[in-house]
Amino acid sequence: MKIVITDWALQSYLDLLQTFSEIEYQEILRPDAELLKLYPKHPKFLIGKFWGPCKGKNGEVIRQGYKMKWHNIGPGRVQFRLLIAIIDETAYLCNAYVKTDAKTDFREMVKLKTKIKLIKEGNYTFRGRLQ
């Protein structure tokens, strides 16, 4: 599977640099994101605490929306999330954020629905690929 970095993902990464260390990025976050090349065959995609479908406020599954989840990241030991749209054998990195509560999750899910629609329309900015 190809992995596309969108402008939304790049901007959220830049905004969250203080949230995690360089070592955590190099040894945990980046290698986990690169696992998308093997999706869905890598066993880590079967672990619910790491990977799952995105769900809206009423529990409805957001079609083509997924999230990677990390716990106790960075000096603040935060819950870190990466939202991904999988469309036509391509994983689009859409956004990263720190989960502070359920409301934060639901707000990000609403934004993800919009981003999935924009990606399908070709209305997103390509910033690169994970190789």
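Is lysine 67 buried or exposed, and what is its relative accessible area? Let me start there, keeping in mind that what we are looking at is a predicted model. Lysine 67 has a relative accessible area of 13%, and because the cut-off for a buried residue is under 20%, it counts as buried. Lysine 67 belongs to strand E3, and, leaving aside residues up to four places away in sequence, it touches Phe50, Trp51, Gly52, Pro53, Cys54, Arg81, Leu82, Leu83, Asp105 and Met109. With one of these, aspartate 105, the lysine 67 side chain makes a side-chain polar contact of 3.5 Å.

Aspartate 105 takes us to helix H3, where it is one of the buried residues, together with Thr104, Glu108, Met109, Leu112, Lys115, Ile116 and Ile119. These buried residues cover an arc of only 130° around the axis, which places them on the same side of H3. The face turned away from that buried side carries Lys103, Val110 and Lys117, which are exposed. As for what covers the buried residues of H3, the elements include helix H1 (7-15) and the strands E2 (51-55), E3 (61-73), E4 (78-87) and E5 (90-99).

The geometry of H3 itself can be checked: its 20 residues, 102-121, should span 28 Å at 1.5 Å a residue, and the C-alpha atoms at its ends are 29 Å apart, which agrees. At the N-terminal end, aspartate 101 acts as a cap, with a side-chain oxygen 3.1 Å from the backbone nitrogen of lysine 103; just after the helix, glycine 122 adopts a positive phi of about 80°.

Now to the aromatic residues. The count comes to 13 aromatic pairs. In one of them, tyrosine 39 and tyrosine 66, the ring centres lie 6.0 Å apart with the planes at 55°, so the pair is tilted. This pair links distant parts of the chain, since tyrosine 39 lies in the loop between helix H2 (22-34) and E2 while tyrosine 66 lies in strand E3, 27 residues apart. Tyrosine 66 is partly exposed, at a relative accessible area of 21%.

Phenylalanine 45 and phenylalanine 50 form another tilted pair, 6.5 Å from centre to centre and with 50° between the planes, and both of these phenylalanines are buried. Over the ring of phenylalanine 50 sits the charged end of lysine 44, 4.7 Å from the ring centre. The four aromatic residues I have just described belong to one aromatic cluster, whose members also include Tyr13, Phe20, Tyr25, Trp51, Trp70 and Phe80.

Note on methods
Residues numbered from 1 in each chain as written. Predicted model: local features only at pLDDT ≥ 70, side-chain atom pairs only at ≥ 80, totals over all residues. Heavy atoms only, no water. Helix = DSSP H or I, 4+ residues; strand = E, 2+ residues; numbered from the N terminus. Expected span 1.5 Å × (residues − 1). Buried < 20%, exposed > 50% of the residue type's maximum accessible area, 1.4 Å probe, protein only. Arc of directions from axis to C-beta. Contact = heavy atoms within 4.5 Å. Polar contact = N/O pair within 3.5 Å; in protein donor to acceptor, adjacent residues only side chain to side chain. Phe/Tyr/Trp six-rings, centres within 6.5 Å; stacked < 30°, edge-to-face > 60°. Lys NZ or Arg CZ within 6 Å of the ring centre and 35° of its normal.
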